Amino acid sequence: MAEDETDEVPKLPTDARLESLDERLDRVQRREAEEARKKQVDPNMRAAQLVIGYLIGGPLGGGLLGWGLDSLFNTKPWLTLVMLFLGFAVGIRNVLRISKTPSGRGPGAGA
């Protein structure tokens, strides 16, 4: 090859099919961007999910742990009740902690 030649692609006339494809791609990309915006989680919804999780998970986890300890030490139902109430108290403490943090900056919030 000669040194005079360059790697430039010759300019071709635009094809109607390519223009139509570009337009359709633009429409699809705009639609996907709108759907992505709609799917973003609301910080208030995220906080509500955390509160529900703590209020259900705390007593449930404490109750299960207490039931296991009761079975192990044969103290039914006392350790189950103690751990159930302890789990409830921990859940309430976590809810209070969430309520004191500014919206969107609580535990589980993105960076």
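**Exercise 1. How many salt bridges does a search of the whole structure find?**

Solution. The structure is a predicted model, in which local features need pLDDT of at least 70, side-chain atom pairs count only at pLDDT 80 or more, and totals for chains, interfaces and linings use all residues. Residues are numbered from 1 along each chain as its sequence is written, and side-chain values use heavy atoms, with hydrogens and water left out.

Step 1. The criterion is a side-chain nitrogen of Lys or Arg within 4 Å of a carboxyl oxygen of Asp or Glu. The search of the whole structure returns one such salt bridge.

Step 2. The partners are arginine 17 and aspartate 15, with an N to O distance of 3.0 Å.

Step 3. Accessibility is classed as buried (under 20% relative accessible area), exposed (over 50%) or partly exposed (in between), with a 1.4 Å probe and protein chains only. Arginine 17 has a relative accessible area of 66% and is therefore exposed; aspartate 15, at 28%, is partly exposed.

**Exercise 2. Describe the secondary structure of the chain and test the length of helix 2 and of helix 3.**

Solution. Step 1. Helices (H or I, at least four residues) and strands (E, at least two) are DSSP runs, numbered from the N terminus. The chain has three helices and zero strands, giving the pattern α-α-α along the sequence.

Step 2. The expected span of a helix is 1.5 Å times one less than its number of residues. For the 31 residues of helix 2 (residues 43–73) this gives 45 Å, and the end C-alpha atoms lie 44 Å apart, which agrees.

Step 3. Helix 3 (78–100) has 23 residues and an expected span of 33 Å, in agreement with the 33 Å between its end C-alpha atoms.

**Exercise 3. Determine how helix 2 and helix 3 pack, and which of their residues are buried.**

Solution. Step 1. Axes are lines fitted to C-alpha atoms, for helices over the stretch in contact, and angles run from 0 to 180 degrees between N-to-C directions. The two helices, helix 2 and helix 3, pack at about 160° with their axes 7 Å apart.

Step 2. An angle over 145 degrees counts as roughly antiparallel, and helix 2 and helix 3 are therefore roughly antiparallel to each other.

Step 3. In helix 2 the buried residues are Leu50, Gly58, Pro59, Gly62, Gly63, Gly66 and Asp70. In helix 3 they are Met83, Gly87, Gly91, Asn94, Val95 and Ile98.

Step 4. Contact means heavy atoms within 4.5 Å. The cover of the buried residues of helix 2 includes helix 3, and that of the buried residues of helix 3 includes helix 2.

**Exercise 4. Examine the loop between helix 2 and helix 3, and the surroundings of aspartate 70.**

Solution. Step 1. Most residues other than glycine have a negative phi, and most peptide bonds are trans.

Step 2. Asparagine 74, which follows helix 2, is not a glycine yet has a positive phi of about 55°. This asparagine 74 lies in the loop and counts as exposed at 66% relative accessibility.

Step 3. The peptide bond from lysine 76 to proline 77 is cis, with omega near -5°; proline 77 also belongs to the loop between helix 2 and helix 3.

Step 4. Aspartate 70 is in helix 2 and counts as buried at 0% relative accessibility. Leaving aside residues up to four places away in sequence, aspartate 70 touches Thr75, Lys76, Pro77, Trp78, Leu79 and Thr80. The C-alpha atoms of aspartate 70 and threonine 80, ten residues apart along the chain, are separated by 6.5 Å.

Key:
Parallel < 35°, antiparallel > 145°, perpendicular 65-115°, else oblique.
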